[in-house]
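Trainee: Could we go through this model together? I'd like to start with the charged side chains and then step back to the overall fold.

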Amino acid sequence: MFDLAALEAALAGTVFAGKLHFSPVTGSTNADALEAARAGAAHGSVYFADEQLAGRGRGDHAWHSAAGEGLYVSVLLRPPMPAHRLPLLPLAVGLAAADAIRAVTGLKIDLRWPNDLLLGSHGGQRKAGGILIEAKTQAKTEASKVAFAVVGIGINVHQRGFALGLATPATSLDLEADRPIHRQPLLVSLLKSLERETLGLLDPAAGEMIPLRVEEASTWVRGRRVRVHGPQACIGVTAGLDEHGFLLVDTDAGLVTVQTGGIRAAETN
């Protein structure tokens, strides 16, 4: 379990102070945060749980969330930003999660566009976490704005066994670090990194650097032969990210800008 008083003390001075909402068991922290957002909850509200009974990933995939084994947290943001910048948010969150994991464990995370946190070398990479962002926009006279965004992050911490048949083999921080990793300092580090990255996202100059920073942190977004799943399904070699954070894939039919979907390694000829 978490020491809530110690968490509050560690997060003093951040936007999250006084806004922590812990549930021993819940259906989904993202569902909790979405409900709170619609009820008017404040920017920086944090919803986390020891166990999720209906944890969710992207594309309606289930996220196994056994009691005490992982970090299951969702953060409500109300950023003053135009809706067209939203695709940069998962990239910023990925950078924040990678920084937090590295700071606490010493492990280096690989970012697989758009939302996967991977550990291990190319041939043996395993998934240690994922990001799910659900947002609502509101129309203004000049442009659509972000009403709120719920940032859901799931990280495998203590798990030792995983379900069969996963699209990407899974792992946990304990397994990769070969020692117990404590969830409380990981949560503190994650939230502090998230505050830093989301504040940077609001600065135009810093925001422009996010795709470049992800390219530096990821082995997947340039020079990897991938299969794209989703409405823009294709096979090709990744050619970086554009200024919006969309993935560029060089295919036999030409350059494709992938705005939504996921990628996996494709077999080489």
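Trainee: Is Arg222 buried or exposed?
Mentor: Keep in mind that this is a predicted model, where local features need pLDDT of at least 70, side-chain atom pairs count only at pLDDT 80 or more, and totals for chains, interfaces and linings use all residues. Residues are numbered from 1 along each chain as its sequence is written, and side-chain values use heavy atoms, with hydrogens and water left out. Buried means under 20% relative accessible area, exposed over 50%, and partly exposed in between (1.4 Å probe, protein chains only). Arg222 has 51% relative accessibility, so that side chain counts as exposed.

Trainee: Which residue does Arg222 meet in a salt bridge?
Mentor: A salt bridge here is a side-chain nitrogen of Lys or Arg within 4 Å of a carboxyl oxygen of Asp or Glu. For Arg222 the N to O distance is 2.9 Å. The partner counts as buried because its relative accessibility is 19%. That partner is Glu215.

Trainee: Which residue forms a salt bridge with Glu197?
Mentor: Glu197 counts as buried, at 6% relative accessibility. Its partner is partly exposed, with a relative accessible area of 30%. The closest N and O atoms are 2.8 Å apart, and the partner is Arg213.

Trainee: How many residues apart in sequence are the parts tied together by Arg196 and Asp99?
Mentor: Those two form a salt bridge, the closest N and O atoms being 3.3 Å apart. Arg196 sits in helix H5 (residues 183-201) and Asp99 in helix H3 (residues 88-105), so the parts they tie together are separated in sequence by 97 residues. Helices are DSSP runs of H or I with at least four residues, and strands are E runs of at least two, numbered from the N terminus.

Trainee: How many salt bridges are there in the whole structure?
Mentor: Besides the pairs we've covered, there's a network of salt bridges linking Arg112, Asp116, Lys127 and Arg264. Searching the whole structure gives a total of eight.

Trainee: Stepping back, how many helices and strands does the protein have?
Mentor: Helix H5 and helix H3 came up with Arg196 and Asp99. Across the protein, the count is six helices and 12 strands.

Trainee: What radius of gyration does the protein have?
Mentor: The radius is taken over C-alpha atoms, and the globule rule is 2.2 Å times the number of residues to the power 0.38. For 269 residues, a compact globule would come out near 18 Å, and the protein agrees with that, at 18 Å.
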